[in-house]
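The following explanation leads the reader through one protein chain, from its interior to its loops. Please keep the sequence and the coordinates in view while reading.

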Amino acid sequence: MKILVINCGSSSLKYQLIDMSDESVMAKGLVERIGIEGSVLTHRPEGMDKVVIESPMNDHKDAIKLVLDALVDEKHGVIKDMSEISAVGHRVVHGGEKYSESVLINDDVMKTLEECTHLAPLHNPPNLIGINACKALMPDTPMVAVFDTAFHQTMPKHAYMYALPYELYEKYGIRRYGFHGTSHRYVSLIASEMLGKDISECRIITCHLGNGASLAAVNKGKSVDTSMGFTPLEGLVMGTRCGDIDPAIVTFLQKEEGMDSEEVNNIMNKKSGVLGLSGVSSDFRDIEGAAENGNERAKLALDAFHYRVRKYIGAYAAAMGGVDAVVFTAGLGENSPKTRLEVCKGLEFLGIEIDEAKNNVRGKKVDVSTENARVKVFVIPTNEELMIARDTMEIVSR
């Protein structure tokens with residue numbers, strides 16, 4: 001069975017075609033600047049040179065057609081015709097409270113996703129556009145929605161509720177939802193294998209660290225808490241997001257600076273985080289370089305980020321009554337030995353100890369804890385596309 005995985009953004013589209021017989025990637029690629037001048041597809045067929053195709057794309061339907069044409073092209077294609085694609089798995093950011101697992105897409109599912117757009121106004125609309133575009137071009141191919149929020153639907157009510165008037169939850173669904181769920185689920189499963197235990201026996205803290213970042217407490221295979229909340233703004237200091245702040249800062253800025261809600265929202269989401277603290281960049285590589293050259297604000301930004309991650313690890317160890325493994329994943333977690341080392345400093349009391357020689361690694365699955373550490377520290381490259389493909393295959397095979 002061959003599964004096409006689609007991840008649509010507002011003006012971009014990532015894809016992978018995966019042969020599920022051995023879970024190998026046959027081709028992957030990225031479409032950029034959809035609906036904008038200079039639209040381009042970068043197609044990477046396995047075992048061949050990448051192909052860059054510049055072509056006008058008015059919408060996501062045009063983009064997906066270009067992707068499908070590339071997959072069956074005589075020169076750089078990897079399948080003979082469209083009938084080889086058994087199903088399509090779509091990444092969908094928000095499934096609300098209704099979906100705690102991936103689902104086969106039908107009219108009822110589409111209606112529910114449309115109803116969830118107010119919860120993820122930047123992400124769900126392009127996800128829906130991508131699904132509709134695929135349905136138009138592949139009307140007889142089954143499609144599955146895999147939600148970023150679904151994994152966290154196992155959180156207990158006391159963990160996901162905010163202490164606001166209860167009727168606001170009933171009216172608007174204001175609660176913690178959490179995101180990056182597909183990544184947290186994937187790496188926690190791999191971590192249990194590395195521990196040599198069934199996932200039902202493990203307490204794992206997963207650290208998905210990148211420009212957007214979140215932690216999850218995974219107890220017996222279920223998410224029991226996560227750092228992102230009603231939106232991806234809550235939790236850690238991130239690339240441009242502020243993470244946890246006193247909510248009264250919002251009304252203070254509105255009063256003192258004369259800002260409206262959109263202006264404050266823009267500051268918190270796009271001008272804060274390590275960018276706002278450092279004044280250098282939202283890219284941690286740039287900030288690390290500036291800190292090494294003596295930039296004090298860059299050092300402050302890194303210290304604040306490491307501290308917030310460390311604090312959440314301690315909190316989640318308490319929430320689960322202990323921890324068996326801490327996992328670092330995503331762009332920063334997988335590729336920054338310094339980040340992992342700094343985050344874990346001071347956590348020796350929990351049994352977390354990093355071997356600096358083992359930790360000098362990027363992008364590989366490895367145990368970087370010391371021989372005598374009571375808690376394992378793993379680096380595990382995430383693979384959300386494979387998780388989406390696995391869910392898709394399971395659902396269409398029922």
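In this predicted model, a useful point of entry is I313, which, neighbours within four places in sequence aside, is in contact with I205, C207, L215, V326, V343, L347 and I352. Apart from the core to which these contacts lead lies another core, of 38 residues, with I6, Y99, V109 and I131 among them.

I313 itself belongs to the largest nonpolar core, which has 42 residues. Together with I205, L209, L215 and V326, I313 touches the most other members of that core. Several elements of secondary structure supply at least two residues each: the strands β9 (203-208), β10 (214-219), β12 (325-329) and β14 (376-379), and the helices α10 (284-292), α11 and α13. The greatest contribution comes from α11, which gives 10 residues. In soluble globular proteins, nonpolar side chains tend to be buried together.

Two of the contributing helices also pack against each other. Two packed helices are described by the angle between their axes and the distance between the axes. For helix α11 (residues 296-320) and helix α13 (residues 337-344), the axes come within 8 Å and cross at roughly 55°. This angle makes α11 oblique to α13, because angles from 35 up to 65 degrees fall outside both the roughly parallel and the roughly perpendicular ranges. The crossing of the two helices is right-handed. On the α11 side the contact is formed by F305, H306, V309, R310 and I313, and on the α13 side by T339, E342 and V343. By character, the residues of this contact divide into four nonpolar, two polar and two charged. I313 thus appears in the contact with α13 as well as in the largest nonpolar core, and V343 is among the residues that I313 touches.

A second helix pair offers a comparison. Helix α7 (residues 248-257) and helix α8 (residues 261-270) pack at an angle of about 125°, and their axes are 10 Å apart. These two helices are therefore oblique to each other. The crossing in which α7 passes α8 is right-handed. Here V250, L253 and Q254 in α7 meet S261, V264 and M268 in α8. The residues of this contact comprise four nonpolar, two polar and no charged.

The loops contain further points of interest, beginning with backbone geometry. Where does R33 lie? R33 is found in the loop between β3 (24-32) and β4 (40-45). Its phi is near 60°, a positive value in a residue other than glycine. R33 is partly exposed, with a relative accessible area of 40%. K220 has a phi near 55°, again a positive value in a residue other than glycine. K220 lies in the loop between β10 and β11 (222-226). With a relative accessible area of 55%, K220 is exposed, because this value is over the 50% cut-off.

The last residue to be considered is E234, placed in the loop between β11 and α7. Leaving aside neighbours within four places in sequence, E234 is in contact with Y162, R176, S227, M228, G229, G243 and D244. The C-alpha atoms of E234 and R398 are separated by 37 Å, and these two residues are 164 residues apart along the chain.

Note on methods:
Residues are numbered from 1 along each chain as its sequence is written. This is a predicted model: local features need pLDDT of at least 70, side-chain atom pairs count only at pLDDT 80 or more; totals for chains, interfaces and linings use all residues. Side-chain values use heavy atoms; hydrogens and water are left out. Axes are lines fitted to C-alpha atoms, for helices over the stretch in contact, and angles run from 0 to 180 degrees between N-to-C directions. Helices (H or I, at least four residues) and strands (E, at least two) are DSSP runs, numbered from the N terminus. Angles under 35 degrees count as roughly parallel, over 145 as roughly antiparallel, 65 to 115 as roughly perpendicular and the rest as oblique. A crossing is left-handed if the near helix is turned anticlockwise from the far one by less than a right angle, and right-handed if clockwise. Contact means heavy atoms within 4.5 Å. Ala, Val, Leu, Ile, Met, Phe, Trp, Tyr, Cys and Pro count as nonpolar, Asp, Glu, Lys and Arg as charged, and the others, Gly among them, as polar. A nonpolar core is a set of buried Ala, Val, Leu, Ile, Met, Phe, Trp, Tyr and Cys residues joined through side-chain atoms within 4.5 Å. Buried means under 20% relative accessible area, exposed over 50%, partly exposed in between (1.4 Å probe, protein chains only).
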